[in-house]
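Subject: Structure for you to look over

Dear colleague,

I am passing on a structure that I have been going through, and I would be glad if you could read the notes below with it open beside you.

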Amino acid sequence: MGDPGMPRDARRSISAKGTQRQMTIVHTNFRTGASAAGVPASLDRTHWFPPAGAAPAAACGTSLRTRTLEETEALARASFTRCGITRIADITELDDLGIPVFNSFRPAAAPGLNTVTSGKGTTPAAARVSAMMEAIERTWCEQRAGEPPLRASYAELREAGIPVLDPRRLILKRGHTWTETTSISWWPVRELASNVEVLVPALAVFVPFPNECGMFRSNTIGLAVGNSPQEALLHGLLETVEHDCTAFGETLRSGWNIRLSSLPDAARELAGRFQRIGIEVQVFAYVNDIGVPTCFATTDDTQAGDGMLFNGGWGCHLDPVVAVTRALTEAAQSRLAVIAGAREDFTGQAYRRNSSYEALQEMYRMFNGGRPTADFDVVESASTGTTDGDLDVVLAGLEHAGLPLVFATELAPEGFPFSVTKAIVPGLEVYHNDPARLGTRLHREMVQAGLAKPLS
């Protein structure tokens with residue numbers, strides 16, 4: 001749970017007695033003697049919010065990409081050697097679906113990250129570039145040599161007057177051992193509304209990173225690559241919202257079961273590919289207090305009768321057509337990841353291999369049940385058709401939900417042709433991924449639904 005005694009004003013969870021100038025104490029000669037000589041200052045908010053007219057226009061329609069697919073692929077290929085990418089493989093034909101999926105191979109990935117990552121799309125070119133960009137994204141989320149984080153305690157940083165995030169704002173795991181006097185690793189990020197540089201636990205920035213004090217596991221939630229910093233920030237924020245919205249939807253059994261016949265033409269055709277080869281597919285739509293729709297597609301291969309072939313995919317976008325298309329193509333990607341067997345992230349799915357198909361099917365039906373059926377148009381589009389406009393809508397939604405703090409940091413090196421941004425929004429829920437992390441927003445809704453008891 002989050003700290004029940006936390007002030008209602010989220011910004012008070014940052015100790016901001018210091019200024020940006022005082023942050024140089026951290027980078028040069030922090031009074032505790034902790035070594036942080038290699039820690040760079042975070043970039044100014046104008047990195048993600050350039051002056052009016054300076055941001056590149058979207059080149060690829062509703063996906064709001066600022067380069068054409070061909071331009072992106074050329075730059076990505078030129079970055080292979082620097083990122084350690086050795087091969088891109090088309091694995092589409094391993095399945096009967098015909099939905100394009102490609103794998104990217106990065107053998108030198110840090111332990112804890114997959115050496116094989118995947119990309120999907122409605123066309124082979126889109127899936128190929130998606131796989132390339134996924135590998136590039138994962139390259140730069142690793143901590144770079146020569147840039148050790150600052151080691152200090154939260155209490156020491158506050159006493160020094162340095163802007164620092166209270167780690168409890170990140171919804172720590174139940175049973176963690178962190179205290180305000182515990183020395184942990186910190187990294188500077190930019191708070192976008194105030195443009196103040198703030199220290200946050202490095203565990204929230206880099207992947208992989210040691211699980212300090214059992215606070216939580218490092219993860220790629222909020223990590224995104226883009227042709228521009230603004231594009232990367234938007235897609236990173238959409239991923240954080242996707243997880244929050246899914247946590248609410250799955251826990252509270254909220255949202256809608258969408259009639260497949262009501263899907264837009266392209267999405268209905270994708271769903272039909274599953275159905276034609278005996279795969280049961282369902283599409284769900286969630287919208288919570290942030291107001292950005294998330295679509296979730298589940299699939300059950302009734303012909304194979306294999307527990308590993310219960311698959312799913314998510315998509316979050318202000319345009320629900322983009323969201324549902326991503327959900328369906330990601331479900332195909334999830335299925336092909338199992339069939340290809342090249343990824344290292346199946347250890348947590350061993351229960352599916354060791355359970356009967358019938359038991360898993362019953363679990364699947366219970367999980368999918370309990371939501372009203374609705375046509376797809378129940379989910380309204382709020383997309384502006386521009387990257388900066390959609391960013392404004394997402395940030396306004398976060399503010400409306402009582403989540404005003406939004407942090408960002410650039411992870412790609414200077415001069416790299418893509419931005420790799422990690423977006424961090426304290427207070428967003430991840431309960432569906434980790435039941436030991438339950439925040440105040442979801443807990444409040446669970447109490448109202450009779451699924452949890454109030455805090456004493």
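In which loop does Asn-195 lie? In this model, which is predicted, Asn-195 belongs to the loop between strand E7 (183-191) and E8. Its backbone deserves a look, since Asn-195 has a positive phi of about 60° although it is not a glycine, and the residue is buried, with a relative accessible area of 16%.

The loop that follows strand E8 (196-201) and leads to strand E9 (223-226) contains Pro-208, and the peptide bond from Val-207 to Pro-208 is cis, with omega near -5°. Cys-213 is found in the loop between E8 and E9 as well, and here too a residue that is not a glycine takes a positive phi, of about 60°.

A second place to examine is Glu-242, which lies in helix H6 (residues 229-252). This glutamate is buried yet has no salt bridge, and the nearest side chain of opposite charge, that of Arg-326, is 7.0 Å away; as a salt bridge would need a side-chain nitrogen within 4 Å of a carboxyl oxygen, that separation does not qualify. Leaving aside residues up to four places away in sequence, Glu-242 touches Thr-294, Trp-314, Gly-315 and Cys-316.

Helix H8 (residues 320-340) comes next. Its 21 residues reach 30 Å from the first C-alpha to the last, which is close to the 30 Å expected at 1.5 Å a residue, and the helix is mostly covered, with 16 of its 21 residues buried. At the start of H8, a side-chain oxygen of Asp-319 comes to within 3.0 Å of the backbone nitrogen of Val-321, while just after H8 Gly-341 takes a positive phi of about 70°.

As for the chain overall, there are 12 helices and 16 strands, and buried residues make up 55% of the 456 residues. Among the contacts between residues at least 6 apart in sequence, 69% join residues at least 24 apart. The chain exposes about 18,800 Å², of which carbon and sulfur atoms supply 50%.

If you have time for only part of this, please begin with the surroundings of Glu-242, given that it is buried and has no salt bridge, and then turn to the cis peptide bond from Val-207 to Pro-208.

With best wishes

Definitions and conventions: Residues are numbered from 1 along each chain as its sequence is written. This is a predicted model: local features need pLDDT of at least 70, side-chain atom pairs count only at pLDDT 80 or more; totals for chains, interfaces and linings use all residues. Side-chain values use heavy atoms; hydrogens and water are left out. Helices (H or I, at least four residues) and strands (E, at least two) are DSSP runs, numbered from the N terminus. Buried means under 20% relative accessible area, exposed over 50%, partly exposed in between (1.4 Å probe, protein chains only). Lys and Arg count as positive and Asp and Glu as negative; His and the chain ends are not counted. Contact means heavy atoms within 4.5 Å. The expected span of a helix is 1.5 Å times one less than its number of residues. A polar contact is a pair of N or O atoms within 3.5 Å; within protein, one must be able to donate a hydrogen and the other to accept it, and residues adjacent in sequence count only if both atoms are side-chain atoms. Accessible areas come from the Shrake-Rupley method with a 1.4 Å probe; for residues, only the protein chains shown count as cover.
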